[in-house]
Amino acid sequence: MKLRLATIAAALAAASVALPAIADTTDVKTQSIVRINKKGAHCNDDPNCMNRYHPAIPPVGRAKPGQLIIYETRDALDADLTVKSEPKDIGAIDLNLVHPITGPVYIEGAKRGDVLAVTLVDIEPDEYGYTTVVPGFGFLRDIFDKPFIANWRLNRLEAVATEIPGVAIPFNGFMGTVGVLPGYPEIETILERESALNTAGGIALPPQPTSAMPKAVCGPNGSHKDKCVRTIPPRENGGNMDIKQMQVGTTLLLPCFIDGCGLFIGDVHYAQGDGEVAGTAIEMGAKVTVRTEIRKGMASMIKSGPHFEGGSQLKKLEPDAFYATVGYPLKPAGSIPPYSSYIDGKIMGPLTNLSEDLSLAARASLIEMIDWLVKSKGYTPEQAYVITSVACDLRIGNVVDVPNYAVSTICPLEIFKGNK
């Protein structure tokens with residue numbers, strides 16, 4: 001019996017030596033991936049980073065349609081904020097650095113006049129994010145004129161912050177800034193119209209070479225330093241659209257203005273309320289995975305701004321329970337809303353009711369919601385402002401009932417997790 005067992009054991013040992021090694025499924029690769037990695041601590045240190053737009057900016061990578069592209073992105077302010085940051089740290093932020101963007105990537109086969117279809121495949125969040133109130137910035141900048149910061153601890157389930165106790169924000173990540181490089185004709189159009197707006201007293205930031213990246217094109221000695229446009233506003237090439245419905249699984253349709261399109265991504269948001277009213281959402285760095293497709297010759301269908309398409313993704317964003325406020329274009333006599341201050345106030349000032357003014361209706365609704373959060377939930381006005389920026393949605397009710405258009409602010413109640 002002992003001899004028989006020894007013989008069997010020897011046979012099994014011999015067989016195991018003869019069998020080929022079988023890989024774990026982790027080692028089985030099926031996808032073609034292009035990676036655009038971060039390098040260095042800040043955009044200024046990173047050859048794969050830019051914070052201005054111009055068609056002369058060279059690509060930092062190339063990808064074929066259908067390949068997965070993984071972008072490592074930086075937070076929107078390119079700041080040194082940490083989980084221990086305080087309101088006093090906001091004053092050190094250099095707004096010339098907004099936004100640090102990864103790219104551009106040349107998409108092979110794409111030509112001016114095509115549409116680049118960009119499907120968001122995945123967002124891997126960093127472990128830290130922040131929401132700031134920066135004096136002079138935000139929808140209610142005339143009311144909230146002191147700095148504030150919420151430092152969020154992030155995972156793929158929820159975000160929590162010591163500064164906003166009793167609240168947990170679900171992960172609904174999206175690309176705050178995504179787009180393609182404008183062409184030379186588009187650059188001239190943008191500069192002309194924004195200059196005219198500035199001359200009229202409106203707000204449009206002109207080219208600023210200080211802290212501009214890439215330096216060789218947009219910096220103080222750059223080849224096109226006076227023509228590199230800022231990343232603050234979204235435009236026909238996409239950019240800083242801050243549309244939270246562009247969730248994982250949706251496809252963004254961008255007209256190509258240069259060959260290769262020049263696809264860039266940055267300013268990723270962990271979560272945001274429709275409106276991003278405080279000026280920031282839950283801002284974070286992230287790894288973003290996208291896949292592209294070229295739709296030949298279809299750019300003529302996209303006139304003023306990008307389109308996007310999807311399926312059931314929007315259902316995930318709807319609240320389980322909510323509280324809402326409604327606003328109309330009403331105001332105190334003698335007041336001029338900050339976004340209307342460049343218009344002649346002799347007529348507007350004495351009025352208490354404006355006609356067909358969505359911004360004023362949104363303002364009224366938002367102030368009502370902040371007041372409700374203060375009175376019913378016990379938050380400070382600054383905390384409430386942050387909550388509305390990261391979780392509450394401004395929704396247009398109507399744009400026909402003259403003079404009073406209606407806007408609602410809808411706040412999901414499931415974010416409140418017990419007592420503060």
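Okay, let's start right at T292 and who it touches. Setting aside residues up to four places away in sequence, T292 is in contact with K64, P65, G66, Q67, I69, I107, L116, A117, V118 and L263. Keep in mind that this is a predicted model. T292 itself belongs to strand β16, residues 286-295. Is T292 buried or exposed? Its relative accessibility is 3%, so T292 counts as buried; the cut-off for that is under 20%. One more thing here: T292 and L253 are 39 residues apart along the chain, and their C-alpha atoms are 9.8 Å from each other.

Now, the sheet around it. β16 is part of an open sheet of 6 strands, and the order goes β1-β4-β16-β6-β13-β17, with mixed pairing. At the edges you have β1, residues 33-36, and β17, and each of those pairs on one side only. On average, neighbouring strands in this sheet are turned by 30 degrees against each other, if you ignore direction.

Let's walk through some of those pairings. β4, which is residues 68-73, runs antiparallel to β16, and 6 bridges join the two. If you want a spot to look for on your screen, find L68, which stands opposite R291 in β16. Then there's β6, residues 115-125, which pairs with β13 in the antiparallel sense over 5 bridges. There, V118 has L252 of β13 as its bridge partner. And β13 also pairs with β17, residues 307-309, again antiparallel, this time over 3 bridges. In that pairing L253 stands opposite H307.

So how many residues of β13 are buried? The strand covers residues 251-255, and 5 of its 5 residues are buried. Both faces are covered: T251, L253 and P255 sit on one side, L252 and L254 on the other, and all are buried.

Next, the nonpolar core. The largest one has 72 residues, and the members that touch the most other members are W152, I164, I169, V290 and I387. Which helix gives the most to this core? That's α5, residues 358-377, with 8 residues. There's also a second, separate core of 15 residues, and among its members are I187, L191, A212 and F264.

Let me pick V290 out of the big list. Not counting residues up to four places away in sequence, V290 touches Q67, L68, I69, Y71, V118, T119, L120, V121, M175, L263 and I265. You've heard a few of those names already: Q67, I69, V118 and L263 are also among the residues T292 touches.

I387 takes us to another helix, α6, residues 381-391. 9 of its 11 residues are buried, so α6 is largely enclosed by the rest of the structure. The buried ones are Q383, A384, Y385, V386, I387, T388, S389, V390 and A391. What do they pack against? The partners are β7 (128-133), β8 (148-154), β10 (169-170), α5, β19 and β20.

Those last two strands belong to a sheet of their own. It's an open sheet of 3 strands, in the order β18-β20-β19, with antiparallel pairing. Its edge strands are β18, residues 322-327, and β19, residues 393-398, each pairing on one side only. Here the average turn between neighbouring strands is 25 degrees, direction ignored. β19 and β20, residues 406-412, pair over 5 bridges in the antiparallel sense, and I396 stands opposite V407 of β20.

Now hold on to S389 from that helix, because it leads to E276. Leaving aside neighbours within four places in sequence, E276 is in contact with S389, along with D242, H269, A281 and E283. E276 sits in the loop between β14 (261-269) and β15 (283-284). How far away is the nearest side chain of opposite charge? It's K244, at 12 Å, and E276 is buried yet has no salt bridge.

Last stop is N37, in the loop between β1 and β2 (49-50). With 32% relative accessibility, N37 counts as partly exposed. Beyond residues up to four places away in sequence, N37 touches D46, N48 and E72. And N37 is 352 residues from S389 in sequence and 30 Å from it in space, C-alpha to C-alpha.

How values were computed:
Residues are numbered from 1 along each chain as its sequence is written. This is a predicted model: local features need pLDDT of at least 70, side-chain atom pairs count only at pLDDT 80 or more; totals for chains, interfaces and linings use all residues. Side-chain values use heavy atoms; hydrogens and water are left out. Helices (H or I, at least four residues) and strands (E, at least two) are DSSP runs, numbered from the N terminus. Buried means under 20% relative accessible area, exposed over 50%, partly exposed in between (1.4 Å probe, protein chains only). Lys and Arg count as positive and Asp and Glu as negative; His and the chain ends are not counted. A salt bridge is a side-chain nitrogen of Lys or Arg within 4 Å of a carboxyl oxygen of Asp or Glu. Contact means heavy atoms within 4.5 Å. Two strands pair if DSSP finds at least two bridges between them. Axes are lines fitted to C-alpha atoms, for helices over the stretch in contact, and angles run from 0 to 180 degrees between N-to-C directions. A nonpolar core is a set of buried Ala, Val, Leu, Ile, Met, Phe, Trp, Tyr and Cys residues joined through side-chain atoms within 4.5 Å.
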